[in-house]
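Reader: Hi, I have just opened this structure and I am not sure where to begin. Could you walk me through it while I ask questions along the way?

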Amino acid sequence: MRFLSGPATFLTQGSLLGAQAVDLGEKFISVRKGLLEFAVLRVVAGEKLYVAEVLQRLAGTEFATQEGTLYPLLSRLRRENLVDYEWQESDAGPPRKYYRLTEAGQRALAELQGYWQHLTETLNRIGK
Amino acid sequence: MNKVTVVSLAGNAFHFEEPAHDAVSAYLARASRALSTNPDRAEILLDLEQAIADKCQRFLTKHKNVITAEEVAQVVREMGPVQDGDDDAAAFRTDTGHATDAQGLQGTPRRRRLMRLPSEGMMGGVCAGLGAYLDIDVVWVRLAFVLLLFPTGGAWFLVWLVMLIIVPAARTPEQMAAARGESLNAREVVEMARRKSADIGKAAASGLRDVERNLRETFGPRN
């Protein structure tokens, strides 16, 4: 249960699972699906990013995803007022939408992190 | 040698091999359907178009200006199937994206429904609907209906009348697709293509207006 010790370690050390990852990946698919929103909020919390960059940050993690999933998700997060975007010119090609966390998004992220902490503490406490 | 079509993706023109164009249209049609209840559907579709355009850009060089079918297949795989929010689990199964998107334009044919096609009929669309249902040219159906009037002493007219009353009319694109047994998928693609060409027509018209205004401003009488 080491990997459940906190959000940061869960995100960065997930690959420690190595060979088991295939089975666990399938088993935890709905958990990861539910946490994708969390992961995306964390990714855009640090800096303003456009979609290709968000995908890049998530690539290689358990939360690797694709445009087909990410655009509808970001659009919902924007409807819920958790993220917002601004247009920014780019050197190569048309202007891009840069996403960032809103204040409400920061609060929601803090709440999510607290709850995740609570869940992992619970899991670590029970059954020992 | 392949036929090439010019398409506009998020405001930029691309040269696509025809199968490549079909694959992108089909992808966007599926996306449009997946997002049918999403209030931001139009915006997301535009984002997706832009993402496809960006991905296609990397295949273009100074000496290669056509996007091939294989390249588009790769782009579509990378994009992944579009899902709206709460569709469980599919989000991470990126490998299934290929299977879903390789289905192509046609989708699964549906069972036909007997419906009148008033927009295509001479009167109530009874014969047109029956022709679509039986996959026979409407002319033969009409001819049969008229000829059957003679041996039945005109009583066949009642058959037509009853059908006019009890067979429902197909009015929406969905209903008309159902009457023909086409999958809505294919029909949506056609609809989308029609809308697109209408937009291009509008753009051309406004372009012409600009030219006209410029000419007037340059050469017109000064006040």
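Reader: What order do the strands of the sheet in chain B have?

Author: This is a predicted model, and in it chain B has an open sheet of three strands in the order 1-2-3, with mixed pairing. Strand 1 (4-9) and strand 3 (66-67) of chain B are the edge strands, since each of them pairs on one side only.

Reader: Okay, and how many bridges join strand 1 to strand 2 of chain B?

Author: Six bridges join strand 1 of chain B to strand 2, which covers residues 12-17, and these two strands run antiparallel. If you would like to follow the partners along the pair, B:Val4 stands opposite B:Glu17, B:Val7 has B:Phe14 as its bridge partner, and B:Leu9 is matched with B:Asn12.

Reader: What about strand 2 and strand 3 of chain B, do they run parallel or antiparallel?

Author: Strand 2 and strand 3 of chain B run parallel, and two bridges join them. In this pair, the bridge partner of B:Phe16 is B:Ile67, which belongs to strand 3 of chain B. As general background, strands of a sheet pair through backbone hydrogen bonds, and the pairing can be either parallel or antiparallel.

Reader: Which strands of chain B does helix 1 touch?

Author: Helix 1 of chain B, residues 18-34, packs on the sheet and touches strand 1, strand 2 and strand 3 of chain B. The direction of helix 1 makes about 120° with that of strand 2 of chain B.

Reader: Going back to the hairpin, how many residues are between strand 1 and strand 2 of chain B?

Author: There are two residues between the two strands of that hairpin, and B:Ala10 is in the turn. Phi of B:Ala10 is near 50°, which is a positive value in a residue other than glycine.

Reader: Where in chain A is A:Asn81 found?

Author: A:Asn81 is found in the loop of chain A that runs between helix 5 (67-79) and strand 1 (83-88). Like any residue with this feature, A:Asn81 is worth a look on your screen, as its phi is near 70°, a positive value in a residue other than glycine.

Reader: New topic: how many residues of each chain are in contact between chain B and chain A?

Author: On the chain B side there are 28 residues in contact with 23 residues of chain A. The area buried between the two chains is about 2,100 Å², and carbon and sulfur atoms give 53% of that area.

Reader: How many salt bridges are there between chain B and chain A?

Author: The count between the two chains is five salt bridges. One of them is formed by B:Asp47 and A:Lys97, whose closest N and O atoms are 2.7 Å apart. There are also 14 residue pairs in polar contact between chain B and chain A.

Reader: Which helix of chain B gives the largest share of the side that touches chain A?

Author: That is helix 2 of chain B, which gives eight residues. Helix 2 (41-57) and helix 3 (69-79) of chain B each supply at least two residues of that side. By residue type, the side of chain B that touches chain A divides into twelve nonpolar, six polar and ten charged residues.

Reader: And how many salt bridges does the structure hold over all chains?

Author: Over all chains the structure holds 14 salt bridges. Within chain A, A:Arg76 forms a salt bridge with A:Glu37, the closest N and O atoms being 3.1 Å apart.

Reader: Which parts of chain A does the pair of A:Arg76 and A:Glu37 tie together?

Author: A:Arg76 lies in helix 5 of chain A and A:Glu37 lies in helix 3 (residues 29-46), so the pair ties together parts that are 39 residues apart in sequence.

Technical notes
Residues numbered from 1 in each chain as written. Chains lettered and ligands numbered in written order. Predicted model: local features only at pLDDT ≥ 70, side-chain atom pairs only at ≥ 80, totals over all residues. Heavy atoms only, no water. Contact = heavy atoms within 4.5 Å. Buried area = accessible area lost by both parts, 1.4 Å probe. Salt bridge = Lys/Arg side-chain N within 4 Å of Asp/Glu carboxyl O. Polar contact = N/O pair within 3.5 Å; in protein donor to acceptor, adjacent residues only side chain to side chain. Helix = DSSP H or I, 4+ residues; strand = E, 2+ residues; numbered from the N terminus. Nonpolar A, V, L, I, M, F, W, Y, C, P; charged D, E, K, R; others polar. Pairing = 2+ DSSP bridges. Axes fitted to C-alpha atoms, helices over the stretch in contact; angles between N-to-C directions.
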